[in-house]
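Colleague: Could you put the model up? I'd like to go through it with you.

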Amino acid sequence: MYQALYRKYRPRTFDDVVGQEHVTQTLRRQIESGRTSHAYLFVGTRGTGKTSCAKILSRALNCEHPSGGNPCNECPACLGIENGTVMDVAEIDAASNNGVDDIRAIRDEAVFTPASVKKRVYIIDEVHMLSGSAWSALLKILEEPPEHLVFILATTEVRKIPATILSRCQRFSFRRILPDDIKKRLLYVAEKEGISLTDGAAALLSRLADGSLRDALSLLDQCASAETVDETAVFSAVGLAGSADTAGLFSDLVRGSAPDALALFEKLYFGGRDPASVLSELLSLCRDMLMARLAPGGCSALLSGAFGEDALKKMSAGLSAETLARAARAIQDAVSGMAAARDKRTAAELCLISLCGLFPGAPRPAQAPAAPADPAPRAMAPAARRPAPAVPPEEPEPAEEPEPPEDEPPEEEPPEEEPPEGPEPLPGGPPEPEPPRDEAPEAAQPLPQPAPPGNPGEPDGWWARVLTDVKPALDTAWLFLSNETNVSASLSGGMVTLHASNAFIRNMVDSAAVKEAVGKASSRILGRSVAVKTELGGVTPPAGTADKLSELEKFGNIKFE
Ligand SMILES: [Zn+2]
């Protein structure tokens, strides 16, 4: 029968335990000196060795020939405890046995001296799951424990342990295991198992394991079928293609390209990804970049994501630590608000859109190594592919215009024949039906009223006509442009001014594509050549303006391709 690697390589002595020397040394000394406690509390995150140490301790306490504080693992006591035939040592999972009756049963049994070994040992895993009355029952035993009784309590959540219990236990804190220690162990296990594991893959696995050796070995198990376990094999076996997407999403955001970011998000969404998990991955990427920036060299222990320090530095090149921190905070706020959000997809989209405004003018970072898709910026593609503007934009555009045509985002030719009323058809159908959006029909009505026909020269209603005209050529920007809370337009001489309600909105509409489209449409509708500029402020808001966020939320279900 196949045995999982983490079981097979579970440490059998204190010396085998990886990365918890501060715990194992103390325990070995106690065994050697015979000064052991009646109650131990092992605290630490999952996979750090709490249960392994509890099992070793239960043997060391009863071993007939302990050596250097370690159990011999050969005497009848050690062997009997290991294979479960010694009934005096019991392991209880408090997650499933958390009632007062379970603890009372222990109490009734605990008074009897052990039948075949020296100490009666109860290992209680996930002890924080005990109910209130079970705690009281446990406390009664701990107050006056018989000489032969030892409790080893293990928990991931020490804050849920009552103070009365804490004060009666010797507490040992298990650290997250350092990636270097995990890596060494992985290479050792791989060698023993005849798995060809590259150094890079071992490093990647040890980062992914986030301090848990058990997770690291389970991950190695998952990859072990590959002929050579290299980084690519890890990425595909662990389903980390998502990391490349996350890096791509980040790169879109840094470029300030909401259309690209939203298109990629939509792809992930219809690929079955949960909006919150997409944002969470984005958050850990930002955090890792911050760590790579603020604690260079020594930060390997702090990295949680799939990318190494060099890759992180490349991806965040040109971004200040403050910007990264602000982005991380914004994502964190969105993630924590998500539980309450009626429409998680919309909440995630809004977060992405606002993140685009966070990185204005940032130099383009290098593409993530795992996402080598295209090295060229895509944001300006639509503008570059259209004929030269009839009216040159007033402000010079950033120099990143030239664009190889081979990379065409799907939203370039928007088949926007349909009116925006009603829900958009979803490609391939959504994985599950969207909840009914009662206000949708009314809310998705930012469409301007078409001006009365026949008087195109009149300024009255010209802006509404321009909006209708430019809609097919613009994507996300149109949503902002057409929302009168965000943007209003004024005409003065040969100049159309787009007034934006805030810097973010201005950033959204101040693009060559928008100015070109608006300029062309206005020139045609007004019958003379006009230029277009954007300005911060000066919006003439419509009566009864709701706050901007609820305005934005109207756009939750709009499709951007
Ligand atoms: Zn022994």
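Colleague: Is D108 buried, partly exposed or exposed?

Modeller: D108 counts as partly exposed, at 48% relative accessibility. Buried means under 20% relative accessible area, exposed over 50%, and partly exposed is in between (1.4 Å probe, protein chains only). This is a predicted model, where local features need pLDDT of at least 70 and side-chain atom pairs count only at pLDDT 80 or more, while totals for chains, interfaces and linings use all residues. Residues are numbered from 1 along each chain as its sequence is written, and side-chain values use heavy atoms, with hydrogens and water left out.

Colleague: What does the D108 side chain meet in a salt bridge?

Modeller: R107, at 3.9 Å from N to O. A salt bridge here is a side-chain nitrogen of Lys or Arg within 4 Å of a carboxyl oxygen of Asp or Glu. R107 is partly exposed, with a relative accessible area of 29%.

Colleague: How many salt bridges does that rule give?

Modeller: The count is 22.

Colleague: Which residues do salt bridges with shared partners join into one network?

Modeller: D88, E109 and R120. Within that network, the side chains of R120 and D88 meet at 3.8 Å, N to O. R120 sits in strand β3 and D88 in the loop between α4 (76-82) and β2, so the name of each element matters: helices (H or I, at least four residues) and strands (E, at least two) are DSSP runs, numbered from the N terminus. The two residues are 32 apart along the chain.

Colleague: And are R120 and D88 buried or exposed?

Modeller: R120 and D88 are both buried.

Colleague: What about K55, which side chain does it meet in a salt bridge?

Modeller: That of E91, with 2.7 Å from N to O. K55 belongs to helix α3 and E91 to strand β2, 36 residues apart. K55 is partly exposed at 24% relative accessible area, and E91 is partly exposed at 41%.

Colleague: Let's do the sheets. What is the strand order in the five-stranded one?

Modeller: β2-β3-β4-β1-β5, an open sheet with parallel pairing. Two strands pair if DSSP finds at least two bridges between them. The edge strands, each pairing on one side only, are β2 (89-93) and β5 (170-173). On average, neighbouring strands are turned by 15 degrees against each other, direction ignored. For angles, axes are lines fitted to C-alpha atoms, for helices over the stretch in contact, and the values run from 0 to 180 degrees between N-to-C directions.

Colleague: How many bridges join β3 to β4?

Modeller: Five bridges join β3 (residues 120-125) to β4 (residues 149-155), and the two strands run parallel. I124 has L153 in β4 as its bridge partner.

Colleague: Which strands does helix α3 touch?

Modeller: Helix α3 (residues 50-62) packs on the sheet and touches β1, β2, β3 and β4, where contact means heavy atoms within 4.5 Å. The direction of α3 makes about 175 degrees with that of β3. Helix α2 (residues 21-33) lies across β1 (39-43) and β5, at about 145 degrees to β5.

Colleague: What is the pairing in the three-stranded sheet?

Modeller: Mixed, in an open sheet with the order β8-β9-β10. Its edge strands are β8 (487-492) and β10 (531-536). Neighbouring strands there are turned by 25 degrees on average, direction ignored. Six bridges join β9 (residues 495-500) to β10, and that pair runs parallel; L498 stands opposite T534 in β10.

Colleague: Which helix lies across β8, β9 and β10?

Modeller: Helix α23 (residues 512-526), running at about 125 degrees to β10.

Colleague: Now the metal. What coordinates the zinc ion?

Modeller: The SG atoms of C63, C72, C75 and C78, at 2.2 to 2.3 Å. Donors are N, O and S atoms within 2.8 Å of the metal (3.2 Å for Na, K and Ca); water is not among the atoms, so sites may look incomplete. Along the chain the donors follow C-x8-C-x2-C-x2-C.

Colleague: What is the geometry of the zinc site?

Modeller: Tetrahedral, with angles of 100 to 121 degrees among the four donor atoms. Four donors count as tetrahedral if all angles lie between 85 and 135 degrees.

Colleague: Are C72 and C78 buried or partly exposed?

Modeller: C72 is partly exposed at 23% relative accessibility, whereas C78 is buried at 0%.

Methods: Tetrahedral: all angles 85-135°; square planar, octahedral: opposite > 155°, others 65-115°.
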